[in-house]
Amino acid sequence: MQQKPDILDHISTGVIALDAQLRVTAINSAAEVLLEASATRAMGVDVSQLVQQAGELLQTLKQARANRATLARRGMLLVTHTGQEVQIDLIVTVLHGEQGDSLLLELIPIDRLQRISREESMLHAQETTRAVIRGLAHEIKNPLGGVRGAAQLLAKELPNEELAEYTRIIIREADRLRDLVDRLLGPNQRLAIEPVNIHEIIEHVRNLISAEVNNAVTINRDYDPSLPPLPVDRAQLIQAVLNIMRNALQAAASPEACSILLRTRSQRQFTISGRRHRLVCRVDIIDNGPGIPADLQQAIFVPMVTGRPDGTGLGLSIAQSIINRHGGLLECASEPGNTRFTLYLPMEQSHAETR
């Protein structure tokens, strides 16, 4: 028996082949990811079963078949069975055969180029912010060290203990500012890359979060057990995931009201920072909180930006820095009742920063 060629699994355009009865006869990996439908479940089913509200899709397919000609539809909106909206350009090609006309569908997600452009702008803005912070940190830490040293010398010269208390206050506040600057800069130690099961990391964080609130929070899991080990720094990735999940917990009215969904998937032919990756691991952390205010959504990864009165605005910035150092990407989409942070981590070690 001839093995099915997988050449179409190496392109980012979704491709679906249909027989004369509009049943799926082939589907590539990009289409599986786009429609959130595995090939095992899709093969042999009517194409209308792949999405919700398939009226426009079916009308387009029947029109192409009736005209027996290639047909294109721009900006078609599809809704997957998970409720995810996907906007695509659809090209339908009619293949004439003895058993009737079959169809070849090309699904081109038009938000992909927009996402890549948005990502490049975001990364450029982040690099600019980091450069400013590094310069500011240098300007702060140098005189801060002098202030601390002078306070230590002054403490030795003061005649009584009451006056020395003032110098101790100066030293404590200088140390607090130094620690704040260090946190602004984020982790700077070399990544200790090793193969790690992503689910072991997520489960470790899940246990930490549950323990913090005495198991009051609801955490659901939807894992892909076929994911291979990832080349990551285990400790730093734990910190990144912990910051995101703790952010969800703190945004809720109470731990009892907080519900978090943890989901993992593989994604093929995914572009990060202009580099196409054959395979990446996708981790979704979804909560039911009040959502991120619209005026903050473009700046949530900027240090010191927070929507909570008691927040530091450093947790998400540090999480993003860690993911970026692994050659990955951290994205966020938020509306009331549904905030989703998505981590994309390449499965090849060569793209992780090891310095």
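Colleague: How many residues lie between β11 and β12 in their hairpin?
Modeller: This is a predicted model, in which local features need pLDDT (the predictor's confidence in each residue, from 0 to 100) of at least 70 and side-chain atom pairs count only at pLDDT 80 or more, while totals for chains, interfaces and linings use all residues. Residues are numbered from 1 along each chain as its sequence is written, and side-chain values use heavy atoms, leaving out hydrogens and water. G337 sits in the turn with a positive phi of about 85 degrees. The hairpin places between β11 and β12 two residues.

Colleague: Which residue of β12 stands opposite L330?
Modeller: β11 and β12 (DSSP runs of E, at least two residues; helices are runs of H or I, at least four, and both are numbered from the N terminus) run antiparallel. They are joined by seven bridges, and strands pair if DSSP finds at least two bridges between them. Opposite L330 stands L343.

Colleague: Why is one side of β7 and of β11 left without a neighbour in the sheet?
Modeller: The sheet is open and mixed, with five strands in the order β7-β9-β10-β12-β11. β7 and β11 stand at its edges, so one side of each is without a neighbour because each has a single partner strand.

Colleague: What is the average twist from one strand to the next?
Modeller: Within this sheet, β9 (residues 259-272) and β10 (residues 275-287) pair in the antiparallel sense over 12 bridges. S266 stands opposite C281 in β10. From one strand to the next, the twist averages 25 degrees.

Colleague: At about what angle does helix α8 run to β11?
Modeller: Helix α7 (residues 234-251) lies across β7, β9, β10, β11 and β12, at about 170 degrees to β12. Axes are lines fitted to C-alpha atoms, for helices over the stretch in contact, and angles run from 0 to 180 degrees between N-to-C directions. Helix α8 (residues 315-325) lies across β11 and β12, and its angle to β11 is about 140 degrees.

Colleague: Is S29 buried or exposed?
Modeller: S29 lies in helix α1 (residues 29-35) and touches D9 and R268 (heavy atoms within 4.5 Å), not counting residues up to four places away in sequence. Buried means under 20% relative accessible area, exposed over 50%, partly exposed in between (1.4 Å probe, protein chains only). At a relative accessible area of 7%, S29 is buried.

Colleague: Which element has the lowest mean pLDDT?
Modeller: The protein's mean pLDDT is 83, and 85% of its residues reach 70 or more. Strand β7 (residues 218-222) has the highest mean among the elements, 95. The lowest, 72, belongs to helix α4.
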